[in-house]
Number of protein chains: 2
Amino acid sequence: MTYDFAQIDGIINARSLAIVGASNAPMKFGSLFTRSQVSMGFEGDLYLVNPNEQEIMGRQAYPDIPSLPGPVDLVYLTIPAHRSMQVLRDCAGRGVKGVIVMASGFREIGPEGKALEEEALALAREGGFRLIGPNCFGIYNPRNGLTLLPGHDFSREVGGTAFISQSGGFSAHVARLGRSLGIDFSAVVSYGNAADLDESELLEYFADDPQTRLISGYLEGIKDGKAFRDALSRAAAVKPVVLWKVGQAESSRRAVLSHTGSLAGSGEVWDALMKQCGVVSVSGVEELCDVFLAFEHLGRTSGRLLVSGGGGGLGTYGADLAEAAGLEVPALSAGSMARLQEILNRAGAVAGNPLDIGAPLIPMEIFESAMMEAGRDPATDVLVFDLAVNFGYDLAGEDGVREAARILAHVKDETGKNVVAVLYSRSNDAGNLYFEGLIRDLTQGLREAGVAVYPSMSRAITALAKLR
Amino acid sequence: MTYDFAQIDGIINARSLAIVGASNAPMKFGSLFTRSQVSMGFEGDLYLVNPNEQEIMGRQAYPDIPSLPGPVDLVYLTIPAHRSMQVLRDCAGRGVKGVIVMASGFREIGPEGKALEEEALALAREGGFRLIGPNCFGIYNPRNGLTLLPGHDFSREVGGTAFISQSGGFSAHVARLGRSLGIDFSAVVSYGNAADLDESELLEYFADDPQTRLISGYLEGIKDGKAFRDALSRAAAVKPVVLWKVGQAESSRRAVLSHTGSLAGSGEVWDALMKQCGVVSVSGVEELCDVFLAFEHLGRTSGRLLVSGGGGGLGTYGADLAEAAGLEVPALSAGSMARLQEILNRAGAVAGNPLDIGAPLIPMEIFESAMMEAGRDPATDVLVFDLAVNFGYDLAGEDGVREAARILAHVKDETGKNVVAVLYSRSNDAGNLYFEGLIRDLTQGLREAGVAVYPSMSRAITALAKLR
């Protein structure tokens with residue numbers, strides 16, 4: 001298809017939605033997705049279609065698409081594959097912009113399914129609408145409340161991160177985890193087998209979408225190598241692009257074929273293309289979200305690190321990781337060095353980079369002076385501090401660690417230096433959630449102050465290294 | 001020194017301890033360590049030494065070592081470096097087996113400290129006792145309750161894991177995190193600058209110690225290359241050895257020098273030695289503890305994996321990671337494949353390896369049959385399952401995920417196949433600790449049933465790959 005911004009935009013920002021297969025049975029997707037639209041407050045018209053029901057969740061049910069009282073931008077099919085064809089026929093000539101086919105049982109199961117998928121695609125072409133999927137969830141868009149992912153605990157905050165995914169599970173996972181991390185999305189699109197609307201057009205769309213500042217994706221296969229290369233070059237030229245690609249290994253190629261019927265392609269070609277376009281390659285939901293956070297708080301480059309903690313091992317380990325990942329951990333400027341030596345004139349502390357404040361439980365006024373000096377050091381751009389929650393600070397009670405977190409946020413505010421905090425519990429006993437609660441609370445406060453927070457030094461360093 | 005098992009054993013399993021610098025001031029280490037012995041129930045005689053106190057925490061205080069009423073195996077100095085020399089002199093000829101010098105301000109600060117360290121070593125030689133440290137915490141030993149790490153929330157369960165560490169902070173961190181993970185220790189030794197007792201002798205000791213089944217360490221530098229090579233070969237020949245070595249990067253070499261006054265040595269030589277001796281190399285506390293868990297539950301090799309989850313993305317990603325890490329994810333045996341196809345005859349499920357059960361919320365009787373079949377598959381040795389806690393299973397309520405966890409434990413029990421569960425929350429909102437509590441509870445139950453649990457697919461796969 002020729003890329004058409006307006007049509008894709010009309011689907012993603014749909015003003016009306018019909019759910020075919022809407023249901024009162026609580027464990028069915030048709031019920032789950034209906035509830036999601038209502039709970040999440042989908043702002044358009046919502047039509048529920050099921051020939052066997054009069055009413056679904058207190059709303060009128062329609063027997064089929066032709067009986068709907070008004071036009072509909074987006075039709076969502078939660079019915080089995082073989083029953084989808086008639087509905088696709090019904091959608092023709094009604095101004096429908098897109099149909100999402102959730103069912104599996106298409107290309108990914110072999111020749112029979114492939115024929116069905118081709119039939120669906122032909123019906124979409126004839127009907128003048130785009131097909132999303134099959135074998136997918138759909139679209140989550142906080143702009144209009146469209147929530148075609150399972151659940152109703154997603155955010156309605158509109159942000160700048162777009163995520164496209166061939167896996168439905170990962171699309172919901174990323175949207176949900178992102179919420180916890182304070183990452184807001186422009187949209188998340190689960191597009192499954194990509195029979196029609198594919199990764200290339202979605203890259204083009206989000207490159208053009210003014211709400212989107214960062215484009216990310218989980219990809220299993222590439223439908224059209226040339227189109228993808230063009231779309232990726234164009235997108236990466238205007239916005240940061242972060243991609244997670246699977247299917248490099250033999251067993252995962254088998255899996256990709258049976259999951260979304262895609263051909264995974266060669267790892268070497270992929271790596272070269274990512275490098276050429278300046279795309280950030282990641283692996284796993286955690287790493288993807290870690291990179292979102294880094295972009296959110298640090299922008300497109302991380303710069304030279306000052307690694308610090310209370311205890312020599314922490315900084316030594318952090319510096320080791322950073323340099324292994326290709327990040328600079330330079331010696332401090334002479335002025336900072338001299339002032340830190342004066343401030344940290346105590347047993348166990350070592351002025352330098354890494355910077356060892358000596359112990360986690362040093363007096364807070366010394367901690368504040370040292371961090372402020374570290375924040376002002378001109379030889380480094382980012383201060384990474386391991387904030388030992390239940391080791392040391394906890395000896396001084398919750399107030400101690402809260403004060404230390406406040407100081408780190410203050411240093412960022414005062415000096416303008418990027419600050420990254422590493423914040424985790426040194427134990428996670430069943431039955432004791434106290435530290436976990438404290439950490440989440442501190443994390444939220446630090447993030448709101450613009451400090452990126454990671455649960456381990458290695459995740460912090462990996463995310464920073466990905467920004468290079 | 002010539003390695004002497006009995007003397008080191010007499011220190012680690014000390015029957016009497018004197019804390020010099022014991023204190024009533026709550027924020028001092030002398031107070032912290034005194035409380036630790038009492039709370040953790042140190043089983044030997046405990047003497048508190050402080051010339052300025054009559055009584056400390058309700059116990060008699062002695063002015064100095066000569067005034068102690070009986071012999072003492074181990075003396076712990078929490079006093080500053082320059083005041084330590086007199087105490088070392090006082091220890092001579094009293095049957096003291098070892099003195100731990102906690103203070104920093106020795107070799108790591110430069111020539112003046114180096115002279116002081118050499119003086120301390122000479123006094124130890126003259127006095128006939130071993131020096132541990134300086135610039136360290138000390139020994140945690142659940143066998144006798146000796147707890148010379150800050151805190152009193154360590155386990156008294158005796159296990160088979162020994163951990164030696166040049167970093168005091170990491171020694172406490174590993175001991176504490178290990179407790180949460182159900183890892184029990186034979187001992188943890190923080191040995192700092194290694195002026196006398198060093199990594200080589202500790203390796204020899206734990207190789208000989210019948211309680212220790214696995215030896216691990218965090219190392220910044222090696223004191224004597226030849227001695228280390230010999231000790232490591234000998235230890236690795238009899239027990240698994242897992243080492244975390246820092247100081248490969250320039251900034252961390254600087255840090256190592258100022259942290260424990262050690263020379264970090266060359267990365268290439270190190271890597272070659274690790275490989276030659278069959279030592280597992282790790283990086284970071286999380287990876288170290290992940291490997292402990294893998295050894296605990298799977299033994300010395302992981303074998304061929306069957307990777308599974310509810311949703312195609314999970315298994316595809318897991319298989320991708322596994323093969324990239326050099327693990328086998330072979331096709332299933334023909335019999336298992338046929339039976340799984342029959343059991344999982346439902347939309348979205350894909351029999352194979354990776355194995356996609358279709359969705360997280362499949363009926364539990366089908367889940368049980370499928371997992372049991374996966375457990376019996378002769379082509380694979382380990383079943384890795386991503387147990388999606390708050391995606392799908394939670395729709396069926398807490399009972400659903402509890403039942404799924406019970407089934408995984410049952411599969412291990414029934415089939416004898418190693419089972420690894422990946423268990424994490426898809427969100428971690430501040431203010432909602434429900435899923436975290438559920439996960440910790442399930443994790444504990446699974447671990448007690450012999451199922452290794454990891455918080456992400458990548459940590460599971462990395463740990464399994466380290467066993468090879």
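**Reading the contact between chains A and B**

User: In this predicted model, what makes the meeting of the side chains of Arg440(A) and Glu436(B) a salt bridge?

Analyst: The side chains of Arg440(A) and Glu436(B) come together with an N to O distance of 3.4 Å, and because a salt bridge asks for a side-chain nitrogen of Lys or Arg within 4 Å of a carboxyl oxygen of Asp or Glu, the pair qualifies. Across the interface of chain A and chain B, the rule finds two salt bridges.

User: Which elements of chain A each supply at least two residues of the side that touches chain B?

Analyst: They are helix H5 (168–181), strand E13 (241–245), helix H8 (250–260), helix H11 (312–324) and helix H15 (434–448) of chain A. The largest share comes from H11(A), with nine residues. Sorted by kind, the residues on this side of chain A divide into 31 nonpolar, 25 polar and 15 charged.

User: How is the size of an interface often given, and what is the value for chain A and chain B?

Analyst: It is often given as the accessible area lost when the parts come together. Chain A and chain B bury about 5,400 Å² between them, and 61% of this lies on carbon and sulfur atoms. Counted by residues, 71 of chain A are in contact with 72 of chain B.

User: Why is Asn135(B) called buried or exposed?

Analyst: Asn135(B) has a relative accessible area of 14%, and because buried means under 20%, Asn135(B) is called buried. Its place is in the loop between E7 and E8 of chain B, and its phi is near 70 degrees, which is a positive value in a residue other than glycine.

User: How do you know whether Met57(B) is buried, partly exposed or exposed?

Analyst: The relative accessibility of Met57(B) is 34%, and since buried means under 20% and exposed over 50%, with partly exposed in between, Met57(B) counts as partly exposed. Met57(B) is found in the loop between strand E3 (55–56) and strand E4 (59–62) of chain B, and although Met57(B) is not a glycine, it has a positive phi of about 50 degrees.

User: Which peptide bond leading to Pro134(B) is cis, and what is its omega?

Analyst: The bond from Gly133(B) to Pro134(B) is cis, with omega near -5 degrees, and Pro134(B) has its place in the loop between strand E7 (130–132) and strand E8 (139–141) of chain B. A cis peptide bond also joins Asn353(B) and Pro354(B), where omega is about 5 degrees.

Note on methods:
Residues are numbered from 1 along each chain as its sequence is written. Chains are lettered from A and ligands numbered from 1 in the order in which they are written. This is a predicted model: local features need pLDDT of at least 70, side-chain atom pairs count only at pLDDT 80 or more; totals for chains, interfaces and linings use all residues. Side-chain values use heavy atoms; hydrogens and water are left out. Contact means heavy atoms within 4.5 Å. Buried area is the accessible area (1.4 Å probe) that two parts lose on being put together, summed over both. Helices (H or I, at least four residues) and strands (E, at least two) are DSSP runs, numbered from the N terminus. Ala, Val, Leu, Ile, Met, Phe, Trp, Tyr, Cys and Pro count as nonpolar, Asp, Glu, Lys and Arg as charged, and the others, Gly among them, as polar. Buried means under 20% relative accessible area, exposed over 50%, partly exposed in between (1.4 Å probe, protein chains only).
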